[in-house]
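Visitor: Hi! I'm new to this one and would rather get to know a single spot properly than rush past everything. Could you take a close look at one part with me, and then show me what lies around it?

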Amino acid sequence: KATAAPLGMRSFLGEVYGWCTGVFVLRQNYLFEYREGDSLNGLPHGYAQLQLAEAYPHNHFTNALHLDFFEKPCSKSGKRSLLLRVENKVKRDRW
C-alpha cells in the first residue's frame, strides 16, 4: 500500500492528477496499481512496465521512492516519473 503521484502535474480529459492511495503489486515485469478495495484479480487502475526503469530513494523524503519508467520501453519513448510514498524508510527500502 502506498500513496503515489506522477511528477510533472498534468491533466487528461479534465481529470487532474495528484496524490492517490492505492495498492501496488509487482507481477513479472510490471507494477500494477489498484484502488483500495478493488480485486487484485481484476483489471488494474494503472501500470508501469519496468523494463529499463530506474528506482531510487527520493532526495528529500525519507519515506519516498522515485520511479522513472518508459511508456514504450522498446523505443525508449514516453518517459514518466512517479513518486511513491510509504509509511517509513524501512518499508521504502523493502520496495
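Visitor: Which helix do K89 and D93 both lie in, and how many residues apart are they?

Guide: Happy to. One thing up front: this is a predicted model. K89 and D93 both sit in helix 1, which covers residues 89-94, and they are four residues apart, about one turn of the helix. Their side chains meet in a salt bridge, with 3.0 Å from N to O. They have company, too: R92 joins K89 and D93 in a network of salt bridges.

How open is that pair to the outside? K89 has a relative accessibility of 44%, so it counts as partly exposed. D93 comes out at 46%, and that makes it partly exposed as well, because buried would need a value under 20% and exposed one over 50%.

Now let's step back from the helix. The protein has one helix and nine strands. Follow the chain along and you read β-β-β-β-β-β-β-β-β-α, so the helix you asked about comes after the strands in that pattern.

Seven of the strands form an open sheet, in the order 6-5-4-1-9-8-7, with antiparallel pairing. Strand 6 (46-49) and strand 7 (54-57) stand at its edges; each has a single partner strand, so one side of each has no neighbour in the sheet. On average, neighbouring strands here are turned by 35 degrees against each other, ignoring direction.

Let's zoom in on strand 8 and strand 9. They pair in the antiparallel sense over eight bridges. Four residues lie between them in their hairpin, and there K76 takes a positive phi near 50 degrees. On its other side in the sheet order, strand 9 has strand 1; these two run antiparallel and are joined by four bridges. L83 is a handy landmark in strand 9: H66 stands opposite it, and L83 is also the bridge partner of A5.

H66 itself deserves a stop. This residue lies in strand 8, which spans residues 64-72. Is it buried or exposed? With a relative accessible area of 12%, H66 is buried, because that value is under 20%. Its side chain still makes a polar contact of 3.0 Å with the side chain of D68. Leaving aside residues up to four places away in sequence, H66 touches L7, E54, A55, Y56, H58, S81, L82 and L83.

One of those neighbours, L82, leads us to the inside of the protein. L82 belongs to the largest nonpolar core, which has 11 residues in all, among them A2, F24, A48, L67 and F69. Strand 1 (2-6), strand 8 and strand 9 (77-85) each supply at least two residues of this core, and strand 8 gives the most, with three. In soluble globular proteins, nonpolar side chains tend to be buried together. A48, another core member, touches N29, Y30, L31, L67 and F69, not counting residues up to four places away in sequence. Taking the protein's 95 residues together, 31% count as buried.

F69 takes us back to salt bridges. Its bridge partner in strand 9 is R80. The side chain of R80 meets that of E71 in a salt bridge of 2.1 Å, N to O. E71 is partly exposed, because its relative accessibility is 44%, and R80 is partly exposed too, because its value is 26%.

There's another pair worth finding: R35 forms a salt bridge with E33, and their closest N and O atoms are 3.2 Å apart. R35, at 26% relative accessibility, counts as partly exposed, whereas E33, at 13%, counts as buried. A search of the whole structure finds six salt bridges, and the K89 and D93 pairing we started from is one of the salt bridges in the model.

Conventions: Residues numbered from 1 in each chain as written. Predicted model: local features only at pLDDT ≥ 70, side-chain atom pairs only at ≥ 80, totals over all residues. Heavy atoms only, no water. Buried < 20%, exposed > 50% of the residue type's maximum accessible area, 1.4 Å probe, protein only. Polar contact = N/O pair within 3.5 Å; in protein donor to acceptor, adjacent residues only side chain to side chain. Contact = heavy atoms within 4.5 Å. Core = buried A, V, L, I, M, F, W, Y, C linked by side-chain atoms within 4.5 Å. Salt bridge = Lys/Arg side-chain N within 4 Å of Asp/Glu carboxyl O. Pairing = 2+ DSSP bridges. Axes fitted to C-alpha atoms, helices over the stretch in contact; angles between N-to-C directions.
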